[in-house]
Amino acid sequence: MADLGERILAGDIRAASRLIRNLEDGMPDTDLVMKEIFLRTGNSHVIGITGAPGAGKSTLTDELIAAFRKKDRSVGVMAVDPSSPFTGGAILGDRIRMMRHAEDKRVFVRSMASRGNMGGLSKAVGESIHVMDVLGQEVIIVETCGVGQQEVDIINHAHTVIVVLVPGMGDEVQALKAGLMEIADIFVINKADRDGAGKLYKEVLSVIEMSAKDRGENGGWTIPVLMVESVLEPHKFAESVAILGEKIEEHYRYLVDNQLIEERMRNKTAAELNEALWASIMQPVLQDLSAEGEFEDMVDLLMKRQIDPYTLAKEVATRYMKRRVLTVEGPSADQSK
Amino acid sequence: MPRKLRVVIAKPGLDGHDRGAKVLARAFRDAGYEVIYTGCHQTPEMIAAVAIQEDVDLVALSCLSGAHRYLFPQVTKLLKDEGADDIVVMGGGIIPEQDHAALYEAGIAAIFGPGTPLDTITGWIDENVQPRE
């Protein structure tokens, strides 16, 4: 695996897709390669596209690829679709909409299954963004699974979040709700030739106005609401999406000019540190406990109500964490070293 | 954690009948594979590029138009050119018996015709295709 890093830095797509696969499969030693490339990351503009199933995310992504390619920018795409909770299998179908770019060497599309990860993404997305970044993709589009109201993990990974809405999904209270409606940097009302698009537009606009007032912002980023229609009239559709492309770049410039890009990166970076800590602390501990059968034994004890999970967790913590002294209540405290 | 098997299902050429391909996609999903479905009207070049970008273990080609003798070998050739001939390629659709030998010769690992039970196909895959290390 060691030479993967060098090959990726040299622009080898096969090496990049292999590393992404290794990340997805949770192969050991991926950190050795990630270590090699991490310091060179941070050059791409990461765009998140999220919204309900069938809202038109893939079709928009396809047209956005075309718009960015017209400006000669290289594009990476990660398109996430759900895994079966029963078999673990998945049908990754986002790519169908993007096949016209298949032979373009400067477009790298990778389909990903969510593999049970909540939040609308795959666990491997964060690191895979780094892989596409050092591969030289100037723009990286991350298309989430079809999401509901609270799958908002994309905000940890994207500089610019596009929330795609379609008419007919509920009344104005839906637009007021927390979660998905709060994370947009740009709203797209897709399929705007359908009934109810005008009403949805007004609702979204009023939500934006309210939140701008709350923050007392003047001259900050005003969240645009773009109507996109007529996918059946390719020229019109392409025109609307070209405007979306402009807005996306405008948003990126806004982040850069106002030193906000660091702030966005900071959340993401903290999340990465969190994940790395989890991987090097929690994972080995859990593996350890499972290997010895201790985990199941503890579950048994809990089922019989002989002990509570909080005491057990503290016992485990004191056993594994040498530097931190934890107070464990009850007689079991003395058993830990 | 074992690796997941990743498969591209593709329809090369000009035939637009993808019911079979979709049924297969569903069967593969139920067998626990990750299936990238690319739709109809693909060129061999597109299919090879997708197989590489998606890091798949298997490419399943479906062709009902009669052009399999050109299209299938073209996919294996392009994969080979890219140094990706460790990706297994199998084919299905309307493939007359007398064409099988030439296709096997060109590196198609298995051929399944109409009416093949789905678990015959997934059984063959489970036996013959491992996720690449």
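Domain bounds are those of an automatic or database domain assignment.

The structure is a predicted model, in which local features need pLDDT of at least 70, side-chain atom pairs count only at pLDDT 80 or more, and totals for chains, interfaces and linings use all residues. Residues are numbered from 1 along each chain as its sequence is written, while chains are lettered from A and ligands numbered from 1 in the order in which they are written.

**Exercise 1. Describe the overall build of chain A.**

Solution.
Step 1. The domain assignment divides chain A into domain 1 (36-260) and domain 2 (272-335). The C-alpha centres of domain 1 and domain 2 of chain A are 39 Å apart.
Step 2. Helices (H or I, at least four residues) and strands (E, at least two) are taken as DSSP runs, numbered from the N terminus. Chain A has eleven helices and eight strands.
Step 3. The C-alpha trace of chain A spans about 70 × 50 × 45 Å along its principal axes.
Step 4. A residue is buried if 20 or more other C-beta atoms, placed from the backbone, lie within 10 Å of its own, exposed if 12 or fewer, and partly exposed in between. Of the 337 residues in chain A, 37% are buried.

**Exercise 2. Determine what chain A contributes to its meeting with chain B.**

Solution.
Step 1. Two residues are in contact if their C-beta atoms, placed from the backbone, lie within 7 Å. In chain A, 26 residues are in contact with 26 residues of chain B.
Step 2. On the side of chain A that touches chain B, two or more residues come from each of helix 2 (13-24), strand 3 (90-92) and strand 4 (107-113) of chain A. Helix 2 of chain A gives the most, with six residues.
Step 3. Ala, Val, Leu, Ile, Met, Phe, Trp, Tyr, Cys and Pro count as nonpolar, Asp, Glu, Lys and Arg as charged, and the others, Gly among them, as polar. The side of chain A that touches chain B holds eleven nonpolar, eight polar and seven charged residues.
Step 4. Two strands pair if DSSP finds at least two bridges between them. Strand 3 of chain A pairs with strand 2 (residues 34-37) of chain B in the parallel sense, over three bridges. Within strand 2 of chain B, B:Val35 is the bridge partner of A:Ile91.

**Exercise 3. Establish how helix 3 of chain B is placed.**

Solution.
Step 1. The expected span of a helix is 1.5 Å times one less than its number of residues. For the 14 residues of helix 3 (residues 68-81) of chain B this gives 20 Å, which agrees with the 19 Å between its end C-alpha atoms.
Step 2. The buried residues of helix 3 of chain B include B:His68, B:Leu71, B:Phe72 and B:Val75. The buried residues fall within an arc of 160 degrees seen down the axis of helix 3 of chain B, so they line one face of the helix; the arc is that of the directions from the helix axis to the C-beta atoms.
Step 3. B:Tyr70 and B:Asp81 are exposed on the other side of helix 3 of chain B.
Step 4. The cover over the buried residues of helix 3 of chain B includes helix 2, strand 3, strand 4 (88-93) and helix 4 (100-105) of chain B.

**Exercise 4. Locate B:Asp55 and characterise its backbone.**

Solution.
Step 1. B:Asp55 lies in the loop between helix 2 (44-53) and strand 3 (58-63) of chain B.
Step 2. Although B:Asp55 is not a glycine, its phi is positive, at about 50 degrees.
Step 3. B:Asp55 is buried, because 23 other C-beta atoms lie within 10 Å.
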